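Here is a walk through one protein model, written for someone who would rather be at the bench. Keep the viewer open while you read.

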Amino acid sequence: MTSPLIGYWKLESNGNNWDEYLKTAGVGIVLRKVGNTITSYEEISVDGDEWTIAITSSFKNSLLKFKLDQEFPEETMDGRKVSSVMTLDGDKLVHKQRALKNGEIDSLIIREVKDGRLNVVS
């Protein structure tokens, strides 16, 4: 499978609403400040029908392995445990996280390549 998402990407901006998203997700002030200042990279690859997103940063690393349209357990970078599903919508990778704990929020993360850059929107 060829997808413009496959590659090694540097996160260049957390976007305008990143801090508000983290606050809504229940992330404390200290982790929010760290999350807003770290350098982060994502390497997206596909082997057969298994996708991998390796997230590395100056703070913490994470490895997501999944098959499209199949639910899988995930621990977020801020420590929340969620049930996730990844789907493709054209060239967008749509990442739905369903909170497992009462009081925590569900999340929607969309990854899309535009102008040679990976855009990650929450």
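What follows is a short tour of a predicted model, from its core to its loops.

## The nonpolar core

Let's start inside. The largest nonpolar core is built from twelve residues: L5, W9, I44, W51, I53, I55, L64, F66, F72, M86, L93 and L118. Two strands, β3 (50-57) and β4 (62-67), each put in at least two of these residues. Which strand gives the most to the core? That would be β3, with three residues.

As a bit of background, nonpolar side chains in soluble globular proteins tend to be buried together. Keep W51, F66 and F72 in mind from the core list, as this trio comes back in the next section.

## Stacked rings

How many aromatic pairs turn up in a search of the whole structure? There are three. In one of them W51 and F66 are stacked, with 6.3 Å from centre to centre and 20° between the planes. This pair bridges distant parts of the chain, since W51 sits in strand β3 and F66 in strand β4, 15 residues apart. Are these two rings buried or exposed? W51 is buried, at 1% relative accessibility, and F66 is buried too, at 3%.

F66 also pairs with F72: the ring centres are 5.5 Å apart and the planes meet at 15°, so this pair counts as stacked, the cut-off being under 30 degrees. F72 has a relative accessible area of 10%, which makes it buried because the limit is under 20%. Put together, the ring pairs join W51, F66 and F72 into a cluster.

## Salt bridges

Now for the charged side chains. The model has five salt bridges, and three of them are worth a look here. In one, E71 and R98 come together with N to O at 2.8 Å. E71 is in the loop between β4 and β5 (72-75), while R98 belongs to strand β7 (residues 92-99), so this contact ties together parts that lie 27 residues apart in sequence. How open are the two partners? E71 counts as exposed, at 51% relative accessibility. R98 is partly exposed, with a relative accessible area of 42%. E71 ends up in the exposed class because the boundary is set at over 50%.

Another salt bridge joins K81 to E75, and here the closest N and O atoms are 3.1 Å apart. E75 is partly exposed, at 40% relative accessible area. K114 and E112 make a salt bridge as well, at 3.8 Å from N to O. That one still qualifies because the rule asks for a distance within 4 Å. K114 has a relative accessible area of 45% and is partly exposed.

## A small-print cavity

The structure contains two cavities of 30 Å³ or more. Let's look at the second largest, which holds about 30 Å³ of space. Which residues line the second largest cavity? The list reads W9, K10, L11, E42, L118 and V120. Two of those names, W9 and L118, also appear in the nonpolar core described above.

Strands β1 (7-11) and β9 (117-121) are the elements that give two or more residues to this lining. The largest share comes from β1, with three residues. Sorted by class, the lining of the second largest cavity has four nonpolar and two charged residues, with no polar ones.

## Two positive phi angles

One last stop, this time for the backbone. Most residues other than glycine have a negative phi. D69 is not a glycine, yet its phi is positive, at about 65°. Where does D69 lie? Look in the loop between β4 and β5, which is also the loop that holds E71. D69 is exposed, with a relative accessible area of 58%.

D115 is another residue other than glycine with a positive phi, near 55°. D115 is found in the loop between β8 (107-114) and β9. With 80% relative accessible area, D115 is exposed.

Notes: Residues are numbered from 1 along each chain as its sequence is written. This is a predicted model: local features need pLDDT of at least 70, side-chain atom pairs count only at pLDDT 80 or more; totals for chains, interfaces and linings use all residues. Side-chain values use heavy atoms; hydrogens and water are left out. A nonpolar core is a set of buried Ala, Val, Leu, Ile, Met, Phe, Trp, Tyr and Cys residues joined through side-chain atoms within 4.5 Å. Buried means under 20% relative accessible area, exposed over 50%, partly exposed in between (1.4 Å probe, protein chains only). Helices (H or I, at least four residues) and strands (E, at least two) are DSSP runs, numbered from the N terminus. On a 1 Å grid over the protein atoms alone, a cavity is a set of points where a 1.4 Å probe fits but cannot get out, and a pocket is an open set with protein on both sides within 12 Å along at least five of seven lines; lining residues have an atom within 4 Å of a point. Grid points are joined across faces, edges and corners, and a volume is the space filled by probe spheres set on the points. Ala, Val, Leu, Ile, Met, Phe, Trp, Tyr, Cys and Pro count as nonpolar, Asp, Glu, Lys and Arg as charged, and the others, Gly among them, as polar. Rings of Phe, Tyr and Trp (its six-membered ring) pair if their centres lie within 6.5 Å; planes under 30 degrees apart count as stacked, over 60 as edge-to-face and the rest as tilted.
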